Amino acid sequence: MKEIDQVVAALESQDYREAAKLLKKLQKESPQNPWVQFYVGRWYEATDKLASAEKVYRKLLKTTTNPKVIDQARQGVKRLETIEQQRRQNAIADAKANPRNCEPGVLILEPIPSEYKPEAAKILARILKTDAYSARMQLQSRGWRLYKTGEMGELGVYGQEMRSANIPVFWVSLTDLEKLHVFRVCYVQSLQPQLGVVCLDESDRLGMLNLNWSEVSQRVEGLLPLFAETMDYDPRRSRGDRFRHKEVTQDYAKIYDLHLPGRNSIIRFCDVTYDFNQAIKLEKVDHQQTARLQWNSLLDRLNQNLKNIPVSSEFTPFAETVLDYTQLLSRIKSYIDLDRKSETPWDSAFQLYSGLVFLKLSQH
């Protein structure tokens, strides 16, 4: 087609206005012509409308049988991938010029409505260089998923790409997480007019802390497994190896954090370490009750004063996405005083979760 040759010439001379004019005419005359469709993609590519170009090329790969067009469309997709990768690398290099962007951090995927998942999975697959099925498996229906660790500059580039594709995501510096102060409550001394707690600071120093209820921005709740060792018997094993030690979940410790952004601090309650004997006597509480009932009464009183404060309580599904990141969790001090026979990543995972909730709010 003579008109196609004119389109090619216009694109090569970077006369994109003329190319658009010719293509518009050709689309009316021969809308099903694969070469017309291909050069529409080339026009998009030349004018830096890369997402539109990719849609055209990928549609051609599915619909046309012309081997030359298929080959050109494949080359177009490869060019776009190369351009995108190079731009990402340039953006990461530019970001790292700021020393703060060289700090370690984490990238968190937030829940996304089911109806948006198919399109989001395609975009995520392109960003992460994987297939759409694998990408969709990473998208959350509820709770958060720790997706990636790395330097803040790199995470920010990926995060901005995801946000531009309407994939909800945020990223947080581990340095900022480590700067949070955590006070572990031994017992409550007063509830009105202020909350007064006797607590331990990060250096295990005992002291008194008073705070106004209005200082609390968020509450975070979570359950931490308490493990016990049992003997596991399996008759299928060899005679001398039929009994083995096995760790099982015996119970759960309840953790309740209050966030104080004005002090960059977290006030942490734990039912296992809370001293009910020295604590303020709560109304309608029989101190012969079990610790569980006393704990529930304490939470009721705290929540009465904080009923309009948001609660984050999806720690367990988040922890399931992070427990395998052993190197990351090993650098996070948990500030949870449970008497454990062996270390567990669960405690550090809760510190990470609560810190993420704290820092995410401060980003807004």
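## A tour of the aromatic rings

A search of the whole structure, which is a predicted model, finds 14 aromatic pairs, and this tour visits two of them before turning to a cluster and to two charged side chains.

Begin by selecting Trp 144 and Phe 170, whose rings form an edge-to-face pair with 4.9 Å from centre to centre and 70° between the planes. Colour the chain by secondary structure, and you will find Trp 144 in the loop between helix 7 (132-138) and strand 2 (145-151), while Phe 170 belongs to strand 3 (residues 169-173), so this pair ties together parts that are 26 residues apart in sequence. If you then show the surface, bear in mind that both Trp 144 and Phe 170 are buried.

Next, select Tyr 256 and Phe 269, another aromatic pair that is edge-to-face, with 6.0 Å between the centres and 70° between the planes. Here Tyr 256 lies in strand 8 (residues 243-260) and Phe 269 in strand 9 (residues 265-270), so the pair ties together parts that are 13 residues apart in sequence. Both Tyr 256 and Phe 269 are buried.

Now go back to Trp 144 and Phe 170 and add Phe 315, Phe 318, Trp 346, Phe 350 and Tyr 353 to the selection, since ring pairs link these residues into a cluster.

Keep Phe 170 in view and select Lys 360 as well: the charged end of Lys 360 sits over the ring of Phe 170, 5.4 Å from the ring centre. For the last stop, select Lys 148 and Tyr 158, where the charged end of Lys 148 sits over the ring of Tyr 158, 5.4 Å from its centre.

Key
Residues numbered from 1 in each chain as written. Predicted model: local features only at pLDDT ≥ 70, side-chain atom pairs only at ≥ 80, totals over all residues. Heavy atoms only, no water. Phe/Tyr/Trp six-rings, centres within 6.5 Å; stacked < 30°, edge-to-face > 60°. Helix = DSSP H or I, 4+ residues; strand = E, 2+ residues; numbered from the N terminus. Buried < 20%, exposed > 50% of the residue type's maximum accessible area, 1.4 Å probe, protein only. Lys NZ or Arg CZ within 6 Å of the ring centre and 35° of its normal.
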